[in-house]
Amino acid sequence: MTATIAGFVTRADAGLPDPRSVSDHIQASRGGVAVHWGGNGAPPATHDGCLARWRSWHAFHTRDRGWVDIAYNFGFCNHGYVLAGRGLRVRSAANGTNDANSRFYAAVWIGGGDHDPTDQALDALEWIVAECRRDGAGTAVRSHRSFKTTDCAGEDLTGFAASLDDREVGQRDPVVEQGSYSPPPPAQSGGGLLKVDGVLGPATISAWQHVMGTPIDGVISTPSELVAAVQEHLNTRGARLRVDGVGIRQDGREYATTHALQAYLGFSRTDGRLDRGMSLTVASLQGRLNTGRF
Ligand SMILES: [Zn+2]
Ligand SMILES: [Zn+2]
């Protein structure tokens, strides 16, 4: 199985409010990923239904239970999407014991009861495991029931978790999205944050390369590994770009990839161009890179 996903749903995409606080008291290197299901509810038929359920769990955990945030680090659904919860490097609150919460990320299937997770859901779980490991988590993959007496995560997911436990998972290209609360990357050469000046210069390109995991040289070549990585990422978010490494240049010309980049950055109208001199698109990108992600 290759671990591919239909897309990554950020907290903003799902409409989750910010957490009241964030605890980094987790040592995932000494554990890994714990797998859960969503109780007895059937998986939603539509993906909008998945997002609504994710919000309802957030509301239940924060309002009714009084927790600081949704208990899970990640969700995954039958449509093959991964949903950001607490994200990477944040302690979970779903695993039932202090020890398990301090060593295991909690990943929950948005479904449960007698229903079966789809192959896409299992792919998405495997993707989560791969991403957590890539970030330094241990190789253990456990069902919730290995920590305490519970039906969670059901027979299917418990069996699938065992099949991933300490085993290699599908090798895939690096993915940059890391939940919503990843710490910023180590200081770039020169240190500190990017100047938000709307100029796609070497510092901005280097920071972008750092975040995307491509070789860092501060230059966008033709074709460019950075642009190809960006295209692949935009395609996971619904763009339909040819991954050719071309289409991001501050030359005032129109490119399909720049259209998709602008839409990704939240512009409601896109013109596909990076204006020469000062580009609002580049300024928006710089602000985003200063949070340590793309
Ligand atoms: Zn559970
Ligand atoms: Zn879904």
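**Burial, sheet and overall form**

Student: Why is aspartate 99 called exposed?

Tutor: Aspartate 99 has 12 C-beta neighbours inside 10 Å. A residue is exposed if 12 or fewer other C-beta atoms lie within 10 Å of its own, buried if there are 20 or more, and partly exposed in between, with C-beta atoms placed from the backbone. The count of 12 therefore puts aspartate 99 in the exposed class. This is a predicted model, in which local features need pLDDT of at least 70 and side-chain atom pairs count only at pLDDT 80 or more, while totals for chains, interfaces and linings use all residues. Residues are numbered from 1 along each chain as its sequence is written, chains are lettered from A and ligands numbered from 1 in the order in which they are written.

Student: What makes lysine 195 partly exposed?

Tutor: Lysine 195 has 13 other C-beta atoms within 10 Å, so lysine 195 falls between the two limits. Lysine 195 sits in the loop between helix 5 (154–164) and helix 6 (202–212), whereas aspartate 99 belongs to helix 3 (residues 98–103). Helices (H or I, at least four residues) and strands (E, at least two) are DSSP runs, numbered from the N terminus.

Student: How much of the protein chain is buried?

Tutor: Of the 294 residues, 45% are buried.

Student: Which strands are the edges of the sheet, and what makes them edges?

Tutor: Six strands form an open sheet with mixed pairing, in the order 1-4-3-5-2-6. Strand 1 (7–9) and strand 6 (140–143) are the edges, each pairing on one side only. Two strands pair if DSSP finds at least two bridges between them.

Student: Why do strand 2 and strand 5 count as paired?

Tutor: Strand 2 (residues 32–36) and strand 5 (residues 104–109) run parallel and are joined by five bridges, which meets the requirement of at least two. One of the bridge partnerships links valine 35 to alanine 107 in strand 5.

Student: How do you know that the radius of gyration agrees with a compact globule?

Tutor: The radius is taken over C-alpha atoms, and the globule rule is 2.2 Å times the number of residues to the power 0.38. For 294 residues a compact globule would be near 19 Å and the protein chain has 20 Å, so the two agree. The C-alpha atoms fill a box of roughly 60 × 40 × 40 Å along the principal axes.

Student: Where are the domains, and how far apart are their C-alpha centres?

Tutor: Domain 1 covers 7–164 and domain 2 covers 202–289, bounds that come from an automatic or database domain assignment. Their C-alpha centres lie 31 Å apart.
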